[in-house]
Amino acid sequence: METQLDPMKDDLPLMANTSYMLVKHYVLDLDVDFKRKVIEGNIVLFFETGSQYRKTSSAGKEGCQSQFDETCKMKMSELCHIPRINVNTCSSKTEYSDSAIGDKEEEATSEKNSNHSNNEQASGVSGSKDCCDTENHGNKDFLLVLDCCDLSVLKVEEVDVAAASGIEKFTKSAKLTGVSKDLENLRNQIVHELVTLPADRWKEQLYYLTQCSQAPSCGELLFSTGTWSLEIKKSGIQTPADFPHAIRIWYKTKPEGRSVTWTTDQSGRPCVYTMGSPINNRALFPCQEPPVALSTWQASVRTPAGFVLLMSGENSAEPVQLQEDVLSWYYYVSMPMPASTFTIAVGCWQEVKQQSFKETALIETNTEFSSSSSQTDFRWHEEICGHVEYPCRFQNPAARLQAVIPYRVFAPWCLMESCEKYLLQLIPQCLSAAYATLGTHPFSRLDVLIVPSNFSSLGMASPHIIFLSQSVLPGGRHLCGTRLCHEIAHAWFGLAIGARDWTEEWISEGFATFLEDIFWARAHQLSHDEIKGQQELKALLRWRRLRDEVQNSEEELQVLRPKKESTGELSESGASIVKYGLKAEKIFMQVHYLKGYFLLRSLARTIGEVSYLASLRKFVVKFHGQLVLSQDFLSMLLEDIPKEKGSGLTVESIFQNWLDTSGIPK
């Protein structure tokens, strides 16, 4: 694997050593400063020992619990607003590492290199092998590696979770007997107890993780930053099992950081948002980027008064006024997701609300039709879920019957009329059509935001929130609706079911492109002939786009599985690369959308659309909440194809003809 860990300039390195330590929960406590164009504060990371070094395996309960368990007595309002902790009050006896640079010196060096100014802080990252495959044996201290770029890291410290308010109930656990004398082991055992609580205690878990995140420091940790990583160690600690499992990182973003963009909205007001950067969120907060690092998070963020903060969270946050000119917002998620799916948008957005009772009644009528027509389609819901334990909607009877989840629309003031005219009417129709096609909505609510004009694509889906370009609004119902259907499809393919290897983008984009036609036809209840006519026309237009792209692009970028048989493989530490992840031309290419769409269209025509959609629903029920490779879907689908229809189709032949080669299959 060493050759893979020496990435070319066009490859995106995922440096985090997730095989040694795996983050389970993030607690962010941040301030948004529009004058300096920075987001600053701290993040607390809670870890479990990774698979390579786990001393004992904990057998958790299979399946998932009801999300709507009301037995927990914790009030969620107690969680909602984390008081700000002054970085200067957190003292420690441990000294900084030589490579850690203070705030003033960082300010001086940041102007010299706007892209990778972390280089000037780092002495510890000499090459990708040193970063990704650090040996943790012998007398060497264990090195925790996080993905990090374009951040000013100010301080890293161990959190004394044993001092957290009310944590005594976990220190009395039978599992802690015999280790209570060792305070470091006690702290790690407390974290283990918290992150492995069963799903029906998720509110209690969130409460105590909040309490632990506010606990005092019990010593600073040594750290150094490199171009792509943050490396942390504790003197004398040589194994991941003994390394602190709760750490707090004080940091601030940089105005030129590539995970967020500072700009103005269409009404000329300042705003900042995550725009889907190729480097994902590592310039927003230090994290573990590899998809395998599925985690939950909560965030308390303060903004100036007059601003609205939207985020990938399960709750529809309401601001609390801390001072005359400061608002505090709190969001959380209980479904483990990759850190790359975390999304934030802060601006003077206005909520667009329905004005017409007549339109609302029409929407409710359509919803009832879609719900009743699809209730018999989902027989697999009684199966036990295959994912790690979390409060899963697929096991909740009420969620399984919810054709339209709660939704809100936000936009700059000048675009509110267009949003009310088209978007508000389309969202419930598209949500209902998606439910009729695939079943249970994986997420409990949806915000839709019209983002600033510098947004480089038509849309972007994240948990609980969709960004739409202003460009879809002048296109009327059709363009607005089809793009909305595409992004809604990502709730199932791309989010609830993610690619284990990011180079297999087609698993997300190919499915969303295929499903947008299905959703749109159902949303408008088109006749069979109308559906066939529209789909054939779209297929022709997509064919021409794909043909032109294949003729005018590098062959290596046309391959849907560029790592071929190495797809999904990791180094011993868990580090890997995203092949061509930083290649500039790739950002503008549609091959993963279009070639993936034609593969799925070909399979649907082979098996028949009714049977094909039934297989998709079966796949969703089996693999939601999990990461997959191409062969996971293809193997299940081919099992459902009768031999007389299969025409010799195999996973290997599909790899050879569609996924592992450039060009368009004959």
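A residue counts as buried when its relative accessible area is under 20%. I begin with that cut-off because the case of Asp150 turns on it: at 1% relative accessibility, Asp150 counts as buried. The structure under discussion is a predicted model.

Asp150 is found in the loop between strand S4 (144-147) and strand S5. Its backbone also deserves a remark. Most residues other than glycine have a negative phi. Asp150, however, is not a glycine and has a positive phi, near 60 degrees. Asn280 likewise has a positive phi near 60 degrees, and its place is the loop between strand S11 (270-274) and strand S12. Asn280 has a relative accessibility of 18%, and therefore counts as buried.

Let me turn to the chain as a whole. It contains 16 helices and 24 strands. Of its 666 residues, 60% are buried. If one takes the contacts between residues at least 6 apart in sequence, 79% join residues at least 24 apart.

I come next to the eight-stranded sheet. This sheet is open, its pairing is mixed, and its strand order is S6-S5-S9-S3-S2-S12-S15-S14. At its edges are strand S6 (217-220) and strand S14 (320-323), each of which pairs on one side only. From one strand to the next, the twist averages 25 degrees. Within the sheet, strand S12 (residues 295-304) pairs with strand S15 (residues 326-337) in the antiparallel sense, over nine bridges. Ser300, for instance, has Tyr330 in S15 as its bridge partner. Helix H4 (residues 183-195) packs on the sheet, where it touches strands S2 (21-33), S3 (38-49), S5 (151-159), S6 and S9 (246-253). The direction of H4 makes about 90 degrees with that of S3.

One residue of strand S3 merits closer attention, namely Glu48. Is Glu48 buried or exposed? Its relative accessibility is 13%, so Glu48 counts as buried. The side chain of Glu48 makes a polar contact of 2.9 Å with the side chain of His192. Leaving aside residues up to four places away in sequence, Glu48 touches Met21, Leu22, Lys24, His192, Val195, Thr196 and His245.

Now to the nonpolar interior. In soluble globular proteins, nonpolar side chains tend to be buried together. The largest nonpolar core here has 155 residues, and Ile232, Ile249 and Tyr612 touch the most other members. Helix H8 (residues 416-438) supplies the largest share of this core, with twelve residues. Where does this core lie with respect to domain 1 and domain 2? Domain 1 (12-56 + 140-346) and domain 2 (349-355 + 392-553 + 589-659) both contribute residues, so the core lies between them. As for Ile232, its contacts, not counting residues up to four places away in sequence, include Phe142, Leu144, Val156, Phe223, Phe243 and Ile249. A second, separate core has 20 residues, among them Val161, Phe170, Leu209 and Ala215.

My next subject is strand S21 (465-468) and its surroundings. In a regular strand the side chains alternate between the two faces of the sheet. In S21 both faces are covered: Ile465 and Phe467 are buried on one side, and Ile466 and Leu468 are buried on the other. S21 pairs in the parallel sense with strand S19 (residues 446-450), over four bridges, and Leu449 stands opposite Phe467. Strand S20 (residues 459-462) and S21 run antiparallel and are also joined by four bridges, with Ser462 and Ile465 as bridge partners. The hairpin of S20 and S21 has two residues between the strands, and His464 there takes a positive phi near 75 degrees.

Ser469 is in the loop between S21 and helix H9 (476-489). With 5% relative accessibility, Ser469 counts as buried. Ser469 and Leu449 are 20 residues apart along the chain, and their C-alpha atoms are separated by 8.6 Å. Beyond residues up to four places away in sequence, Ser469 touches Ile450, Val451, Phe455, Ser457 and Leu458.

I close with helix H14 (residues 630-640), whose buried residues are Ser630, Phe633, Leu634, Met636, Leu637 and Leu638. In an α-helix there are 3.6 residues a turn, so residues three or four places apart point the same way. What covers the buried residues of H14 includes helices H10 (506-523), H12 (591-607), H13 (609-623) and H16 (651-659).

Technical notes. Residues are numbered from 1 along each chain as its sequence is written. This is a predicted model: local features need pLDDT of at least 70, side-chain atom pairs count only at pLDDT 80 or more; totals for chains, interfaces and linings use all residues. Side-chain values use heavy atoms; hydrogens and water are left out. Two strands pair if DSSP finds at least two bridges between them. Axes are lines fitted to C-alpha atoms, for helices over the stretch in contact, and angles run from 0 to 180 degrees between N-to-C directions. Contact means heavy atoms within 4.5 Å. A nonpolar core is a set of buried Ala, Val, Leu, Ile, Met, Phe, Trp, Tyr and Cys residues joined through side-chain atoms within 4.5 Å. Buried means under 20% relative accessible area, exposed over 50%, partly exposed in between (1.4 Å probe, protein chains only). Domain bounds come from an automatic or database domain assignment. A polar contact is a pair of N or O atoms within 3.5 Å; within protein, one must be able to donate a hydrogen and the other to accept it, and residues adjacent in sequence count only if both atoms are side-chain atoms.
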